[in-house]
Amino acid sequence: MNQPLQSDLADAGPDSSAIRSARRRLVACLCLVLAGLVLFGGSWWVLASSRFDVERIRTEAETVHKAMGGMLSMGLPVSDFIGFDAASGRVLRFDTAVRAVEIVDLTDRVVLRNPTDFDAGDREWTEGSFLGLGDELPGIEHHDWLSRYSLPVAGRFGPAGSIVLYYEHEILAEFTRSTAIAGFAALVLLALGVVVHAAVLANPEVFQSYRELATVYAVTCLIGLGIVGATIFGLGATKAIETANAYGESLGARLGEAMALGIDPSDLVGLGDVVREYQESNDIISYVALLEGNRIEAAAGLQDQSDRWMRPDGVFDAVIEVRPRRLYRPQYRVAVGIPLTVVTRVLWHTGTTAMLGAAALIALGLGLLAWVRVPEPSTVAPSTLRASA
């Protein structure tokens, strides 16, 4: 009498084939959403990276411009800039993304170029912001992944020409950095953990409860968002340090020319104004300081300024040696800092669209969980129990 009842109750349990199918659908849904978050994170970084690139390239163009200051003040044509090879060579050595530096006259004719074999060809350049970055950027033009920045220069008697820098956006190279690799590795481990949990450890009851499925899904997405955000922030911090290095190299090269002539930086007239000019030339720079050892020779932007320099908190900075250390000569260094708040603001400004897309993707995945879920098993009818009895 009891055997038919036990058979009916066993048939009323969850269908194992349906559970296996639901597990595969859950794995596919979660992996699809995680892959989408990675793609949105990549697009976010493309926008943020372009913003930092513009600030760095503009600084390097200013480096060449300042090296031309003496001949421009005398009214000489831009083609007579005898220090072009040295100034442009420093930019090319420091920044691997820069492909060429040119000087053009008022007729847009190239009079100086480094390297000489570079040819931009007949490209159609588009003006304005990069990939919908937002604000229009004067002097910036783009063609696919190659961009150029033009900085007008004026001499004693009026406009004299322009400095043009050609550079590429090395997005793929930036994604191979240790920060990005660690972030992607964490996402892969997270995806593998989801697969193991869903395919081996998950109880059948989980696939019959929408609340438990949504909890697993939400926790996984939040962890994925955290990993993507931390990776992008790490790349932004690296980019900020590169930008600070560009400023430090620019000021260091300018002071190095004086030191090459045997002039000590402390003997330069208006040194404080030069340092202040660098600090105020860009709104992302927090402070600029010229150091003799750790003693502050001149500084701008340091709030708690004293005679001794200490790294400020909440700042990404770079310290550049002006010239190699020599016996019986003081060692001068340039320190440049970019605040953490600036990096956060740039990432927030450029990541709005990507974050909205990620939120829409997560919401879509939440709706797909209804397709993943296995219907609850139907209870055995009382008539069936009576018939079995």
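# Exercises on two sheets, their helices and a salt-bridge network

Strands β4 (residues 140-143) and β5 (residues 146-155) run antiparallel and are joined by 4 bridges. Helices (H or I, at least four residues) and strands (E, at least two) are DSSP runs, numbered from the N terminus. The model is a predicted one, in which local features need pLDDT of at least 70 and side-chain atom pairs count only at pLDDT 80 or more, while totals for chains, interfaces and linings use all residues. Residues are numbered from 1 along each chain as its sequence is written, and side-chain values use heavy atoms, with hydrogens and water left out.

**Exercise 1. Place β4 and β5 in their sheet, and state which strands stand at its edges.**

Step 1. Start from a residue pair: H142 has S147 as its bridge partner in β5.

Step 2. Extend to the sheet. Six strands form an open sheet in the order β2-β1-β6-β5-β4-β3, with antiparallel pairing. Two strands pair if DSSP finds at least two bridges between them.

Step 3. Read off the edges. β2 (110-114) and β3 (126-127) each have a single partner strand, so one side of each is left without a neighbour in the sheet.

Step 4. Add the helices. Helix α2 (residues 16-67) packs on this sheet and touches β1 (98-104), β4, β5 and β6 (158-168). The direction of α2 makes about 135° with that of β6. Helix α4 (residues 84-94) also packs on the sheet, touching β1, β2 and β6, and its direction makes about 155° with that of β1. Here axes are lines fitted to C-alpha atoms, for helices over the stretch in contact, and angles run from 0 to 180 degrees between N-to-C directions.

**Exercise 2. Describe the sheet that holds β8, β7, β10 and β9, strand by strand.**

Step 1. Set the order. The 4 strands form an open sheet, β8-β7-β10-β9, and the pairing is antiparallel. Its edge strands are β8 (295-300) and β9 (315-321), each pairing on one side only. On average, neighbouring strands of this sheet are turned by 20° against each other, direction ignored.

Step 2. Follow β7 (residues 287-292). Of its 6 residues, 5 are buried, where buried means under 20% relative accessible area, exposed over 50%, and partly exposed in between (1.4 Å probe, protein chains only). β7 is joined to β8 by 5 antiparallel bridges, and E292 has R295 as its bridge partner in β8. The two strands form a hairpin with 2 residues between them, and G293 in the turn has a positive phi of about 70°.

Step 3. Cross to β10. Here 6 bridges join β7 to β10, again antiparallel, with A289 partnered by A335.

Step 4. Finish at the other edge. β9 and β10 (residues 332-339) pair in the antiparallel sense over 7 bridges; F316 has I338 as its bridge partner in β10. Helix α9 (residues 340-350) lies across β9 and β10, running at about 45° to β10.

**Exercise 3. Which residues are joined with D53 into one salt-bridge network?**

Step 1. Fix the criterion: a salt bridge is a side-chain nitrogen of Lys or Arg within 4 Å of a carboxyl oxygen of Asp or Glu. The structure holds 10 of them.

Step 2. Take the pair within one helix. R56 and D53 meet in a salt bridge at 2.8 Å, N to O. Both lie in helix α2, 3 residues apart, about one turn of the helix. R56 is buried, with a relative accessible area of 4%, and D53 is buried at 1%.

Step 3. Take the pair between helices. D53 forms a salt bridge with K239, the closest N and O atoms being 2.9 Å apart. D53 lies in helix α2 and K239 in helix α7 (residues 210-260), so the pair ties together parts that are 186 residues apart in sequence. Both D53 and K239 are buried.

Step 4. Join the pairs. Salt bridges that share partners link D53, R56, E60, D95 and K239 into one network.

**Exercise 4. How many helices and strands does the protein chain have, and what share of its residues is buried?**

Step 1. The protein chain has 11 helices and 10 strands.

Step 2. Buried residues make up 44% of its 389 residues.

Conventions
Contact means heavy atoms within 4.5 Å.
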